[in-house]
Amino acid sequence: MRAPNPDHQAPKGFQYYPPPLEPVEPGPRRTPAEEARTLLANSDVATLATLSEDGTPWASMIMFGTLPDGSPTLMVSTLAEHGRNLERDQRGSISVMSPRRGPDPLQNGRVTLAGRFEKPEGERREAARQACFDAMMYGKVYEKFGDFSVWVLNVERVRWVGGYGVMGSDDAASYATAEIDPTAPNAEHAVEHLNDDHADALLLISQKLGGYPDATAAICTGIDRYGMDLSIDTPRGKAPQRIGFAERCEEADGLRMATVELARRARTA
């Protein structure tokens, strides 16, 4: 049997975007595990995938909480098909999407966590209950009904996709020990501020630090503790580029100083 081709079968000479005209070091990124931990820490809605009795994959929208090690927690009813599925087969996964920005949702980040669900006991159960209560407005009411149970997903595999050509996988140990990005709650505002008030600085950064001296405009499409993502307009077409900060941000409000340093570096380049 012929092995599947792991790459797109692109036409000869095809380029997704114009390459940089000057050599640049790729900016550092969060690991897939860091991306996953950060996304789950700032979300409470996911798609749950379970297996129905006849083996059919079954997808449902659920709300979730997280334990300190990142394990997702659910409170579900056996009146729902996914609740009955978990009682019979504990294999499953959840998929979490980042908030949509721009016209193409496939350019935004998402993560899938796969493993086995369990009904926790003892202190772990109390922590899982509280995590569900924190996420679900009526969690304490639901718990009083006999058809609701608390579940925890023991993560075995992590798959993160950050957009076209940006993706990676991690294991359970990496996920459990990964740090949550402290700047994430401020990232959306930072992106809006940069695009609204500092378009000239973004253009200069793309020209001097991004390897695109022919850039005519640039917008910020994402930002985190390690750097920013730009979408750059050139006469050769539109191109994405990652620009790294001099140092990673350790505080929630660290993005402002990090971007100021980038602009200063671009002006003196």
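## A hairpin to start with

Let's begin with strand β3 (residues 65–66), which runs antiparallel to β4 and is joined to β4 by two bridges. One of the pairings puts G65 together with T73 as its bridge partner in β4. The hairpin of β3 and β4 has five residues between the strands, and there G70 takes a positive phi near 90°. Please keep in mind that this is a predicted model.

Strand β4 itself covers residues 72–77, and six of its six residues are buried. P72, L74 and V76 point one way, while T73, M75 and S77 point the other way. In a regular strand the side chains alternate between the two faces of the sheet. In β4 the residues pointing either way are all buried, so the strand as a whole is mostly covered, each residue falling under 20% relative accessible area.

## Following the sheet outward

From β4 we can step across to β7. Five bridges join these two strands, and they run antiparallel. V76 of β4 is a handy landmark here, as V76 stands opposite S149 in β7.

Strand β7 (residues 148–163) also pairs with β6, again antiparallel, through nine bridges. Along that pairing, E118 stands opposite V152 in β7. Moving on once more, β6 (residues 110–118) is joined to strand β5 (residues 91–97) by seven bridges, and these two run antiparallel as well. A good place to look for this pairing is I94, which stands opposite L113 in β6.

## The protein as a whole

Stepping back, the protein has eight helices and 11 strands. Its C-alpha trace spans about 65 × 50 × 30 Å along the principal axes. Of the 269 residues in the protein, 42% are buried. Among the contacts with a separation of 6 or more, 63% are accounted for by residues 24 or more positions apart.

The accessible surface comes to about 15200 Å², and carbon and sulfur atoms hold 53% of that surface. As for charge, there are 30 positive and 39 negative side chains, and the centres of the two sets lie 3 Å apart.

## T50 and T56, two threonines in touch

T50 is found in strand β1 (residues 45–51). With a relative accessibility of 3%, T50 is buried, because the cut-off for that class is under 20%. Its side chain makes a polar contact of 2.9 Å with the side chain of N85. Leaving aside neighbours within four places in sequence, T50 is in contact with T56, P57, W58, H82, N85, L86 and R91. N85 therefore appears both as a polar partner and in the list of contacts around this buried threonine.

T56 sits in the loop between β1 and β2 (57–63). At 35% relative accessibility, T56 is partly exposed, because that value lies between the limits of 20% and 50%. Not counting residues up to four places away in sequence, T56 touches T50 and L51. The side chain of T56 also makes a polar contact of 2.8 Å with the side chain of D54.

## T234 at the end of β10

Another threonine worth a visit is T234, whose place is in strand β10 (residues 227–234). T234 has 10% relative accessibility and so counts as buried.

The side chain of T234 takes part in polar contacts with the backbone that follows. A polar atom of this side chain lies 3.0 Å from the backbone nitrogen of R236, and the side chain reaches the backbone oxygen of G237 at 2.8 Å. Beyond its neighbours within four places in sequence, T234 is in contact with P18, Y212, D214, A215 and T216.

## N195 in helix α6

Our last stop is N195, which lies in helix α6 (residues 184–197). Is N195 buried or partly exposed? Its relative accessible area is 25%, so N195 counts as partly exposed.

Not counting residues up to four places away in sequence, N195 touches L202, I219 and C220. For a sense of distance within the model, compare N195 with A114: these residues are 81 apart along the chain, and their C-alpha atoms are separated by 36 Å.

Conventions:
Residues are numbered from 1 along each chain as its sequence is written. This is a predicted model: local features need pLDDT of at least 70, side-chain atom pairs count only at pLDDT 80 or more; totals for chains, interfaces and linings use all residues. Side-chain values use heavy atoms; hydrogens and water are left out. Helices (H or I, at least four residues) and strands (E, at least two) are DSSP runs, numbered from the N terminus. Buried means under 20% relative accessible area, exposed over 50%, partly exposed in between (1.4 Å probe, protein chains only). Contact means heavy atoms within 4.5 Å. Accessible areas come from the Shrake-Rupley method with a 1.4 Å probe; for residues, only the protein chains shown count as cover. Lys and Arg count as positive and Asp and Glu as negative; His and the chain ends are not counted. The place of a charge is taken as NZ of Lys, CZ of Arg, CG of Asp or CD of Glu. A polar contact is a pair of N or O atoms within 3.5 Å; within protein, one must be able to donate a hydrogen and the other to accept it, and residues adjacent in sequence count only if both atoms are side-chain atoms. Two strands pair if DSSP finds at least two bridges between them.
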